[in-house]
Amino acid sequence: MARTAALGIRIEPVLKEALENAAKADRRTVAAYVEKLIVDDLEAKGFLPKGAAE
C-alpha cells in the first residue's frame with residue numbers, strides 16, 4: 001500500500017454533513033471523496049498531471 005500524508009482541517013458542521021452525504025452517494029469514504037475532489041481540481045488547473053495520483 002502506498003504511503004499517505006495526513007491533512008487535518010476544520011469545517012463548519014453543515015459543510016461536514018453535506019460532505020458525508022456526497023461521499024455516501026458516491027460510495028466513498030469522506031477521505032476518499034475529498035481526495036478525489038482535490039485530485040480532479042488540481043488536474044483541471046494543471047497543477048497535477050492527469051493520472052499522476054493513481
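**Figure 1. Valine 14, an exposed residue of helix 1.** Valine 14 counts as exposed, at 65% relative accessibility. The residue belongs to helix 1 in this predicted model. Glutamate 54 lies 40 residues from valine 14 along the chain, and 30 Å separate the C-alpha atoms of the two. Valine 14 is also one of the members of a nonpolar surface patch, which is the topic of the next view.

**Figure 2. A nonpolar patch on the surface.** The patch consists of Leu7, Ile9, Ile11, Val14, Leu15, Ile38, Leu42 and Phe47. Together these residues have about 830 Å² of accessible area. Helix 1 and helix 2 are the elements that give two or more residues to the patch. Leucine 7, another member, is located in the segment before helix 1. With a relative accessible area of 70%, leucine 7 is exposed.

**Figure 3. The salt bridge between lysine 16 and glutamate 20.** The two side chains meet at 3.6 Å, taken from N to O. Both residues are part of helix 1, which spans residues 13-25. They are 4 residues apart, about one turn of the helix. Lysine 16 has a relative accessible area of 45% and is therefore partly exposed. Glutamate 20 is partly exposed as well, at 35% relative accessibility. Lysine 16 is 35 residues from glycine 51 in sequence, and their C-alpha atoms are 28 Å apart in space.

**Figure 4. Arginine 27 in the loop between the helices.** Arginine 27 sits in the loop that runs between helix 1 and helix 2. Its phi is positive, at about 55°, although the residue is not a glycine. Arginine 27 has 80% relative accessibility and so counts as exposed.

**Figure 5. The salt bridge between aspartate 26 and arginine 28.** In this pair, the closest N and O atoms are 2.7 Å apart. Arginine 28 counts as partly exposed, at 36% relative accessibility. The value for aspartate 26 is 34%, and this residue also counts as partly exposed.

**Figure 6. The salt bridge between aspartate 41 and lysine 45.** The closest N and O atoms of this pair are separated by 3.2 Å. Aspartate 41 is partly exposed, with 36% relative accessibility. Lysine 45, in contrast, counts as exposed, at 53%. The pairs in Figures 3, 5 and 6 are among the salt bridges of the model, for which the count comes to 4. Side chains of opposite charge can pair when their charged atoms come close.

**Figure 7. Glutamate 43, a buried charged residue without a salt bridge.** Glutamate 43 is found in helix 2, which covers residues 30-44. The residue is buried yet has no salt bridge. The nearest side chain of opposite charge belongs to lysine 50, 4.5 Å away. A salt bridge calls for a side-chain nitrogen of Lys or Arg within 4 Å of a carboxyl oxygen, so the distance of 4.5 Å does not qualify. Leaving aside residues up to four places away in sequence, glutamate 43 touches Leu48, Pro49, Lys50, Gly51 and Ala52. Lysine 50 thus appears both as a contact of glutamate 43 and as its nearest side chain of opposite charge.

**Figure 8. The whole protein, for orientation.** The protein has 2 helices and 0 strands. Its C-alpha atoms fill a box of roughly 30 × 25 × 20 Å along the principal axes. Of the 54 residues, 9% are buried; glutamate 43, shown in Figure 7, is one of the buried residues. The protein exposes about 5,100 Å², and carbon and sulfur atoms supply 57% of this area. There are 9 positive and 9 negative charges, and the mean positions of the two sets are 3 Å apart.

Note on methods:
Residues are numbered from 1 along each chain as its sequence is written. Side-chain values use heavy atoms; hydrogens and water are left out. Buried means under 20% relative accessible area, exposed over 50%, partly exposed in between (1.4 Å probe, protein chains only). Lys and Arg count as positive and Asp and Glu as negative; His and the chain ends are not counted. Contact means heavy atoms within 4.5 Å. Patches are made of residues with over 30% relative accessible area and no salt bridge: like charges are joined within 9 Å, nonpolar side chains (Val, Leu, Ile, Met, Phe, Trp, Tyr) within 5 Å. Accessible areas come from the Shrake-Rupley method with a 1.4 Å probe; for residues, only the protein chains shown count as cover. The place of a charge is taken as NZ of Lys, CZ of Arg, CG of Asp or CD of Glu.
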